[in-house]
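Let's take a walk through this protein together, one helix and one loop at a time. Keep the picture open as you read, and find each residue as it comes up.

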Amino acid sequence: MRIDEHVEGAVREAYRAVIAKDGDRLAATFAGLNEDEAQMAVRYAVFVVGFIVKDVFRNGATEAELSELADKIIASESPWVDLGPREDLATLLAAATSGNIVASSTARADVVGNTLVVGGFLLTSFRLDDQRWWNYLDEIWTAMEAAG
């Protein structure tokens, strides 16, 4: 699968906004995308979340581990964004590992924002100590292209 550079740029900018905790900037990142590109951006973001969760929990994450991770994400991000209840966020994390985000009980609008916020948190929290988040993201894009 070849990654669309325009869409990838929007997703990367969304992560910059998340890391800066700038909700207005995050909302603006999708303004230049048409509906198909926006859907592709969400698929990219879901892949990022799923990849990192699988990278962190190499033997598969338990429900308790996903709930604990959801708590950490909420604690970190709640000062600037409402991610909803822990259960919904844990469900989103589990769904992303399977790539089946529509199975989540979270509303569609929340899925887009939450997936990007979660991805930004995961990129900065679980990168290697000497690695920049954008280098980790580049590794994930390479894996996504290889996965087809």
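In this predicted model, helix α3 is a good place to begin. Helix α3 is built from 22 residues, and the distance from its first C-alpha to its last is 32 Å. That is close to the 32 Å expected at 1.5 Å a residue. Look at where the helix begins: a side-chain oxygen of Asn-34 reaches to within 3.0 Å of the backbone nitrogen of Asp-36.

Which residues of α3 are buried? Among them are Glu-37, Ala-38, Ala-41, Val-42, Tyr-44 and Ala-45. Further along, the buried list also includes Val-46, Val-48, Val-49, Gly-50, Ile-52 and Val-53. Met-40, also found in α3, is partly exposed, because its relative accessibility is 22% and buried means under 20%. Setting aside neighbours within four places in sequence, Met-40 is in contact with Asp-4 and Val-7. For a sense of distance, try finding Ser-78: Met-40 and Ser-78 are 38 residues apart in sequence, and their C-alpha atoms are 27 Å apart in space.

Now see what α3 packs against. The axes of α3 and helix α7, which covers residues 133–147, come within 10 Å and cross at roughly 105 degrees. The two helices are therefore roughly perpendicular to each other, since angles of 65 to 115 degrees are given that name. On the α3 side, the residues that meet α7 are Tyr-44, Phe-47, Val-48, Phe-51, Ile-52 and Asp-55. Their partners in α7 are Tyr-136, Leu-137, Ile-140, Trp-141, Ala-143 and Met-144. Sorted by class, this contact has 11 nonpolar residues, no polar ones and 1 charged residue.

Helix α3 also meets helix α5, residues 86–98. How do their axes cross? They come within 7 Å and cross at roughly 95 degrees, so α3 and α5 are roughly perpendicular to each other. Val-46, Val-49, Gly-50, Val-53 and Lys-54 of α3 make this contact with Leu-93, Ala-96 and Thr-97 of α5. The residues of this contact divide into 5 nonpolar, 2 polar and 1 charged.

Next, turn back to helix α1, residues 5–19. With 15 residues at 1.5 Å a residue, α1 should span 21 Å, and its end C-alpha atoms are indeed 21 Å apart. If you wonder why 15 residues do not give a larger figure, the reason is that the expected span is 1.5 Å times one less than the number of residues. At the start of α1, a side-chain oxygen of Asp-4 comes to within 2.9 Å of the backbone nitrogen of His-6. Several residues of α1 are buried, including Val-7, Glu-8, Ala-10, Val-11 and Arg-12. Ala-14, Tyr-15, Ala-17 and Val-18 are buried in α1 too.

After α1 comes Lys-21, placed in the loop between α1 and α2. What is the phi of Lys-21? It is near 55 degrees, a positive value in a residue other than glycine. Why point this out? Most residues other than glycine have a negative phi. Lys-21 counts as partly exposed, because its relative accessibility is 39%.

A little further on, Thr-29 sits in the loop between α2 (23–28) and α3. Is Thr-29 buried or exposed? With a relative accessible area of 11%, Thr-29 is buried. A polar atom of its side chain lies 2.7 Å from the backbone oxygen of Leu-26. Not counting residues up to four places away in sequence, Thr-29 touches Ala-10, Glu-13 and Ala-14.

Our last stop is around α7. Gln-131 lies in the loop between α6 (108–125) and α7, and it counts as buried because its relative accessibility is 10%. Leaving aside neighbours within four places in sequence, Gln-131 is in contact with Tyr-136 and Glu-139. Gln-131 and Glu-5 are 126 residues apart along the chain, and their C-alpha atoms are separated by 22 Å. Asp-138, found in α7, is partly exposed at 32% relative accessibility. Asp-138 and Arg-12 are 126 residues apart in sequence, and their C-alpha atoms are 9.9 Å apart in space.

Notes
Residues numbered from 1 in each chain as written. Predicted model: local features only at pLDDT ≥ 70, side-chain atom pairs only at ≥ 80, totals over all residues. Heavy atoms only, no water. Axes fitted to C-alpha atoms, helices over the stretch in contact; angles between N-to-C directions. Helix = DSSP H or I, 4+ residues; strand = E, 2+ residues; numbered from the N terminus. Parallel < 35°, antiparallel > 145°, perpendicular 65-115°, else oblique. Contact = heavy atoms within 4.5 Å. Nonpolar A, V, L, I, M, F, W, Y, C, P; charged D, E, K, R; others polar. Buried < 20%, exposed > 50% of the residue type's maximum accessible area, 1.4 Å probe, protein only. Polar contact = N/O pair within 3.5 Å; in protein donor to acceptor, adjacent residues only side chain to side chain.
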